[in-house]
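Student: I am new to this structure and would like a close look at one part of it. Could you take me through the surroundings of a single residue, and then show me what else is worth finding?

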Amino acid sequence: MILWYNKITSYHEQSFWSHPTVKAIDIRDNPGMNFPNDENLVQLSLPSLSFLHMGNNSMTIKRSITRSSFPNLLYLYLNGNDLRRFPDESLQLKLRNLGIARCNLKSIPSYLSNFERLSYLDARDNNIAVVERVLEKRIE
């Protein structure tokens, strides 16, 4: 599903975020589009999804992205959003690419060093002052 460079501000969230067969969603560059942050209203369940790009939407992401909601996620791009909850540690078994540039981050959790399949990490243009030693060893 490719919906990039539009002006989407309204959509049926439950249908969109609980589709059983969608393998890829690219909704980048839709300023005003929101990620469902209320767990009571919208259940996230995309069991076939392997690619999710939500970059440059200027959205606030307060809800963690977890393996239980996205069990086959390999590529995750959140660049250009306000990331309040870092992607969950449960993604460590599969995630290969992670884009978190320009997300207002002050730190990167040390558990990211456990993401053994992660081959691409873009964390540029944040407010990160310190990278924990365990993560430094992972990226050397």
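Tutor: Let us start with one asparagine and work outward from there.

Please keep in mind that this is a predicted model. Our starting point is Asn30, which sits in the loop between strand E1 (24-26) and E2. Is Asn30 buried or exposed? Asn30 counts as buried, because its relative accessibility is 0%.

Now look at what the side chain of Asn30 meets. One of its polar atoms lies 3.0 Å from the backbone oxygen of Ile27. The backbone oxygen of Arg28 is also within reach, 3.4 Å from a polar atom of the Asn30 side chain. Leaving out residues up to four places away in sequence, Asn30 touches Leu3, Trp4, Tyr5, Asn6, Lys7, Ile8, Asn56 and Asn57. Two of these names, Tyr5 and Asn56, are good places to go next.

Take Tyr5 to begin with. Tyr5 belongs to the segment before H1, and Ile2 lies in that segment before helix H1 (13-16) as well. With a relative accessibility of 57%, Tyr5 counts as exposed, although Tyr5 touches the buried Asn30. Ile2 counts as exposed too, because its relative accessibility is 60%. Together with Trp4, Ile2 and Tyr5 make a nonpolar surface patch of about 370 Å². So Trp4 and Tyr5 are members of this patch and also appear among the contacts of Asn30, as you can check in the view.

The backbone of Tyr5 deserves a second look. Tyr5 is not a glycine, yet its phi is positive, at about 55°. Most residues other than glycine have a negative phi. What is the phi of Asn56, the other contact we picked out? Asn56 also has a positive value, near 60°, and is a residue other than glycine. Asn56 is found in the loop between strand E2 (51-53) and strand E3 (60-61). Its relative accessible area is 28%, so Asn56 is partly exposed.

From that loop we can step back into strand E2 and meet an aromatic residue. Phe51 forms an aromatic pair with Tyr75, with 6.4 Å from centre to centre and 45° between the planes, which makes the pair tilted. Phe51 lies in strand E2 and Tyr75 in strand E4 (residues 75-77), so the pair ties together parts that are 24 residues apart in sequence. Phe51 is partly exposed, with a relative accessible area of 22%. Tyr75 is partly exposed as well, at 25%. A search of the whole structure finds nine aromatic pairs. Ring pairs also link Tyr11, Phe16, Trp17 and Phe35 into a cluster.

Tyr75 leads us on to a second asparagine, Asn97, because Tyr75 is among the residues in contact with Asn97. Where is Asn97? Asn97 is in strand E6 (residues 97-99). Its relative accessible area is 14%, so Asn97 is buried. Setting aside neighbours within four places in sequence, the contacts of Asn97 are Leu74, Tyr75, Leu76, Tyr77, Leu118, Ser119 and Tyr120. With Tyr77 there is a polar contact between the two side chains, at 2.8 Å. To place Asn97 relative to where we began, compare it with Tyr5: their C-alpha atoms are 22 Å apart, and the two residues are separated by 92 residues along the chain.

Our last stop is the charged side chains. How many salt bridges does the structure hold? The structure holds four. One of them joins Asp82 and Arg84, with the closest N and O atoms 2.9 Å apart. Here Asp82 is buried, with a relative accessible area of 17%, whereas Arg84 counts as exposed at 52%.

Farther along the chain, Asp122, Arg124 and Asp125 are linked in a network of salt bridges. Arg124 meets Asp122 at 3.0 Å, N to O, and meets Asp125 at 3.9 Å, N to O. The three residues can be described by their accessibility. Asp122 is buried, with a relative accessible area of 8%, Arg124 counts as partly exposed at 45%, and Asp125 is exposed at 55%.

To go back to the residue we began with, find Asn30 in its loop between E1 and E2 and follow its contacts to Tyr5 and Asn56.

Definitions and conventions
Residues are numbered from 1 along each chain as its sequence is written. This is a predicted model: local features need pLDDT of at least 70, side-chain atom pairs count only at pLDDT 80 or more; totals for chains, interfaces and linings use all residues. Side-chain values use heavy atoms; hydrogens and water are left out. Patches are made of residues with over 30% relative accessible area and no salt bridge: like charges are joined within 9 Å, nonpolar side chains (Val, Leu, Ile, Met, Phe, Trp, Tyr) within 5 Å. Accessible areas come from the Shrake-Rupley method with a 1.4 Å probe; for residues, only the protein chains shown count as cover. Helices (H or I, at least four residues) and strands (E, at least two) are DSSP runs, numbered from the N terminus. Buried means under 20% relative accessible area, exposed over 50%, partly exposed in between (1.4 Å probe, protein chains only). Rings of Phe, Tyr and Trp (its six-membered ring) pair if their centres lie within 6.5 Å; planes under 30 degrees apart count as stacked, over 60 as edge-to-face and the rest as tilted. A polar contact is a pair of N or O atoms within 3.5 Å; within protein, one must be able to donate a hydrogen and the other to accept it, and residues adjacent in sequence count only if both atoms are side-chain atoms. Contact means heavy atoms within 4.5 Å.
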